[in-house]
Amino acid sequence: MSTSSARTSASSARTRSGKPNDGAGPRKVLRLIEVLCHAQEPLRLAELAAEAAVSKPTAHRLLGTLVAEGWAVAYPGGRYGIGPTASGVGAAVSQGRRHTTVEAVLVELQAQIGQTLHMGLRSGDRVVYTHKVEGVQPFAMLSRVGMQQPLHSTAIGKCILAGLDAEALAELVARTGLERRTERTLTTLDALAAELAGVRERGYALDDEENEPNVRCLAAPVHTPDGRTVGAVSVSTVTFVIGHDEVLALADAVRDTARRVESVMA
């Protein structure tokens with residue numbers, strides 16, 4: 001670096017008052033990301049700015065960068081949610097800690113039932129897999145840590161949606177639609193709402209070939225200490241290996257595992 005370039009860099013690292021840059025800009029970005037990560041629903045600009053303690057113009061400017069880089073997602077109506085880059089980073093961190101307590105809990109269940117297990121968390125209007133433990137079958141599920149899936153057609157997603165009230169569910173469906181993934185996918189708000197009522201009553205959700213043909217999944221919700229549903233633990237099976245009733249028989253074990261995951265995440 002030339003002497004003039006070094007002087008320019010040093011000058012740009014100082015505020016107008018002549019004091020060294022105190023990192024206020026990066027801290028504002030981090031506060032916005034933190035708010036996005038903890039939000040249960042996409043937030044309006046004013047809500048984000050207030051939660052992050054930054055001005056609306058500053059929040060709007062920084063969110064433009066976050067959206068461009070994938071750390072945030074812009075939704076219709078001026079709302080923002082966490083983006084795939086942030087979700088992927090979180091998933092990579094979780095995957096890298098192969099001996100974390102959550103991982104150990106899932107491995108213990110897999111040793112009991114032999115099937116593939118996933119844990120997924122809500123990321124905006126999608127589910128992102130944060131953990132995966134392969135089953136003992138001679139074939140592998142195509143899923144991977146960091147992969148995103150719809151909410152309405154997956155067992156994990158249904159658990160998350162079951163934690164929403166009617167208004168929030170209707171807003172989400174209006175925003176995202178209900179893509180028909182297979183012939184069994186629920187594609188109307190009424191049908192989905194009825195299904196979610198059953199999820200709340202049973203304490204688990206079933207994806208009966210609704211997201212992918214020949215794949216059946218059962219999931220139990222994972223809650224925060226304040227009762228919010230943030231994700232779920234699921235067992236994934238293929239229909240030509242394990243039958244419908246056999247999957248339902250795993251419900252108690254999956255629910256127990258979800259409760260154990262809650263205790264170690266608290």
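What follows is a short working chat about a predicted model.

Trainee: Starting with Arg 216, which element is Arg 216 in?

Mentor: Arg 216 sits in strand 8, which covers residues 215-223.

Trainee: Buried or exposed?

Mentor: Buried. Its relative accessibility is 8%, and the cut-off for buried is under 20%.

Trainee: Which side chain does the side chain of Arg 216 make a polar contact with?

Mentor: That of Asp 208, at 2.7 Å.

Trainee: And what else does Arg 216 touch, leaving out residues up to four places away in sequence?

Mentor: Besides Asp 208, the list includes Leu 206, Asp 207 and Glu 209. Further along the sequence, Arg 216 touches Val 235, Ser 236, Thr 237, Thr 239, Ile 242, Gly 243, His 244 and Val 247.

Trainee: Take Thr 237 from that list. Where is Thr 237 placed?

Mentor: In strand 9, which spans 229-238. Thr 237 is buried because its relative accessibility is 1%, against a limit of 20%.

Trainee: What is Thr 237 in contact with, neighbours within four places aside?

Mentor: Arg 216, as you would expect from the previous list, plus Gln 115, Met 141, Asn 214, Val 215, Ile 242 and Val 247.

Trainee: Cavities next. How many of 30 Å³ or more does the structure hold?

Mentor: The count is 1. The largest cavity has a volume of about 30 Å³.

Trainee: Which residues line the largest cavity?

Mentor: Thr 237 again, with Ser 236 and Val 238 beside it in sequence. The rest of the lining is Gln 115, Thr 116, Gln 137, Phe 139, Ala 140 and Met 141. Strand 9 gives the largest share, 3 residues.

Trainee: What is the make-up of that lining by class?

Mentor: There are 4 nonpolar and 5 polar residues, and no charged ones.

Trainee: Now the second largest pocket. How much space lies in it?

Mentor: About 250 Å³. Helix 7 (155-162), strand 8 and strand 9 are the elements that give two or more residues to its lining.

Trainee: How many residues line that pocket, and which lie nearest its centre?

Mentor: The lining has 18 residues, with Tyr 129, Ser 143, Gln 149, Asn 211 and Glu 212 nearest the centre of the second largest pocket. By class, that lining holds 8 nonpolar, 7 polar and 3 charged residues.

Trainee: Different topic. How many disulfides does the structure hold?

Mentor: The count is 0.

Trainee: What about Cys 159, buried or exposed?

Mentor: Cys 159 is buried, at a relative accessible area of 2%. Cys 37 has 48%. That value falls between the 20% and 50% limits, so Cys 37 counts as partly exposed.

Trainee: Last topic, backbone angles. What is the phi of Glu 209?

Mentor: Near 60 degrees, which is a positive value in a residue other than glycine. Glu 209 lies in the loop between strand 7 (205-208) and strand 8. Glu 209 is also one of the residues that Arg 216 touches.

Trainee: Is Glu 209 buried or exposed?

Mentor: Buried, at 15% relative accessibility.

Trainee: And what is the phi of Ala 53?

Mentor: Ala 53 has a positive phi of about 60 degrees, and Ala 53 is not a glycine either. Ala 53 is in the loop between helix 3 (45-52) and helix 4 (56-68). With a relative accessibility of 59%, Ala 53 counts as exposed, since the limit for that class is over 50%.

Note on methods: Residues numbered from 1 in each chain as written. Predicted model: local features only at pLDDT ≥ 70, side-chain atom pairs only at ≥ 80, totals over all residues. Heavy atoms only, no water. Helix = DSSP H or I, 4+ residues; strand = E, 2+ residues; numbered from the N terminus. Buried < 20%, exposed > 50% of the residue type's maximum accessible area, 1.4 Å probe, protein only. Polar contact = N/O pair within 3.5 Å; in protein donor to acceptor, adjacent residues only side chain to side chain. Contact = heavy atoms within 4.5 Å. 1 Å grid on protein atoms, 1.4 Å probe; cavity = no way out; pocket = protein on both sides within 12 Å on 5 of 7 lines; lining within 4 Å. Points joined across faces, edges and corners; volume = space filled by probe spheres on them. Nonpolar A, V, L, I, M, F, W, Y, C, P; charged D, E, K, R; others polar. Disulfide = S-S within 2.5 Å.
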